[in-house]
Amino acid sequence: MPSNSPLAGEPYDRIDAERLAGVLKALADPARLRLLSLIQASPDGEACVCDLTAPIGLSQPTVSHHLRILTESGLLEREKRGVWAYYRIVPSAIQQIADLLTPPRKRATKKAAR
């Protein structure tokens with residue numbers, strides 16, 4: 001994930017722009033946004049495909065496809081347990097996206113309020 005921000009007047013280089021575009025592309029799907037919210041809202045902060053197919057209303061292969069895209073983009077971590085894979089959000093990845101999209105003055109105000 002790029003460490004600079006065009007909102008701070010620092011342009012991205014090509015590689016950072018491509019990396020960020022890939023993450024934003026992964027997020028730019030309603031099913032993937034719902035999957036992230038379902039995982040984040042789960043009691044243990046993790047879920048397997050079997051927990052997600054019914055609430056999202058998609059087939060297991062489709063849910064697995066979306067989870068793979070989110071994992072490859074660095075937004076989720078995957079842990080294999082027996083025949084099941086469990087997914088967790090990577091908080092630092094979500095925070096980096098929020099920081100990149102928050103103007104520097106607002107970021108400073110939020111940190112001071114914590």
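This passage describes the overall make-up of a predicted protein model, the packing of three of its helices, and the surroundings of two of its residues.

The predicted model contains 6 helices and 3 strands, and, read from the N terminus, these elements follow one another in the order α-α-β-α-α-β-β-α-α. The protein has 114 residues, of which 33% count as buried. The area that the protein exposes comes to about 7,100 Å², and carbon and sulfur atoms supply 56% of this area. Among contacts in the protein with a separation of 6 or more, 47% are accounted for by residues that lie 24 or more positions apart.

The packing of helix 2, helix 3 and helix 4 was examined pair by pair. Helix 2, formed by residues 30-41, and helix 3, formed by residues 49-56, have axes that come within 11 Å and cross at roughly 125°. Because angles of 65 to 115 degrees count as roughly perpendicular and those over 145 as roughly antiparallel, this crossing makes helix 2 oblique to helix 3. In passing helix 3, helix 2 forms a right-handed crossing. On the side of helix 2 the contact is made by Ala31, Arg34, Leu35, Leu38 and Ile39, and on the side of helix 3 by Leu52, Pro55 and Ile56. Sorted by class, the residues of this contact between helix 2 and helix 3 comprise 7 nonpolar and 1 charged, with no polar residues.

For helix 3 and helix 4, the latter spanning residues 60-72, the axes come within 9 Å and cross at roughly 110°. Helix 3 is therefore roughly perpendicular to helix 4. Helix 3 contributes Val49, Leu52, Thr53 and Ile56 to the contact, while helix 4 contributes Gln60, Val63, Ser64 and Leu67. The contact of helix 3 with helix 4 consists of 5 nonpolar and 3 polar residues, and no charged residues take part.

The remaining pair, helix 2 and helix 4, packs at an angle of about 80°, with the axes 10 Å apart. Helix 2 is therefore roughly perpendicular to helix 4. In this pair, Ala31, Arg32, Leu35, Leu36 and Ile39 of helix 2 meet Val63, His65, His66, Leu67, Ile69 and Leu70 of helix 4. By class, the contact of helix 2 with helix 4 is made up of 8 nonpolar, 2 polar and 1 charged residues. Ala31, Leu35 and Ile39 of helix 2 are named in the contact with helix 3, and these residues are also named in the contact with helix 4.

Two individual residues were then considered. Leucine 76 lies in strand 2, which covers residues 76-81. Its relative accessibility is 3%, and leucine 76 therefore counts as buried, the cut-off for this class being under 20%. When neighbours within four places in sequence are left aside, leucine 76 is in contact with Leu36, Ile39, Leu67, Leu70, Thr71, Tyr87, Arg88, Ile89 and Val90. Among these partners are Leu36 and Ile39, which belong to helix 2, and Leu67 and Leu70, which belong to helix 4. The C-alpha atom of leucine 76 is separated by 9.7 Å from that of glutamate 46, although the two residues are 30 residues apart along the chain.

Aspartate 29 is located in the loop between helix 1, residues 14-27, and helix 2. At a relative accessibility of 19%, aspartate 29 counts as buried. A separation of 9.1 Å is found between the C-alpha atoms of aspartate 29 and histidine 66, which are 37 residues apart along the chain. Histidine 66 itself is one of the residues of helix 4 that meet helix 2.

How values were computed. Residues are numbered from 1 along each chain as its sequence is written. This is a predicted model: local features need pLDDT of at least 70, side-chain atom pairs count only at pLDDT 80 or more; totals for chains, interfaces and linings use all residues. Side-chain values use heavy atoms; hydrogens and water are left out. Axes are lines fitted to C-alpha atoms, for helices over the stretch in contact, and angles run from 0 to 180 degrees between N-to-C directions. Helices (H or I, at least four residues) and strands (E, at least two) are DSSP runs, numbered from the N terminus. Angles under 35 degrees count as roughly parallel, over 145 as roughly antiparallel, 65 to 115 as roughly perpendicular and the rest as oblique. A crossing is left-handed if the near helix is turned anticlockwise from the far one by less than a right angle, and right-handed if clockwise. Contact means heavy atoms within 4.5 Å. Ala, Val, Leu, Ile, Met, Phe, Trp, Tyr, Cys and Pro count as nonpolar, Asp, Glu, Lys and Arg as charged, and the others, Gly among them, as polar. Buried means under 20% relative accessible area, exposed over 50%, partly exposed in between (1.4 Å probe, protein chains only). Accessible areas come from the Shrake-Rupley method with a 1.4 Å probe; for residues, only the protein chains shown count as cover.
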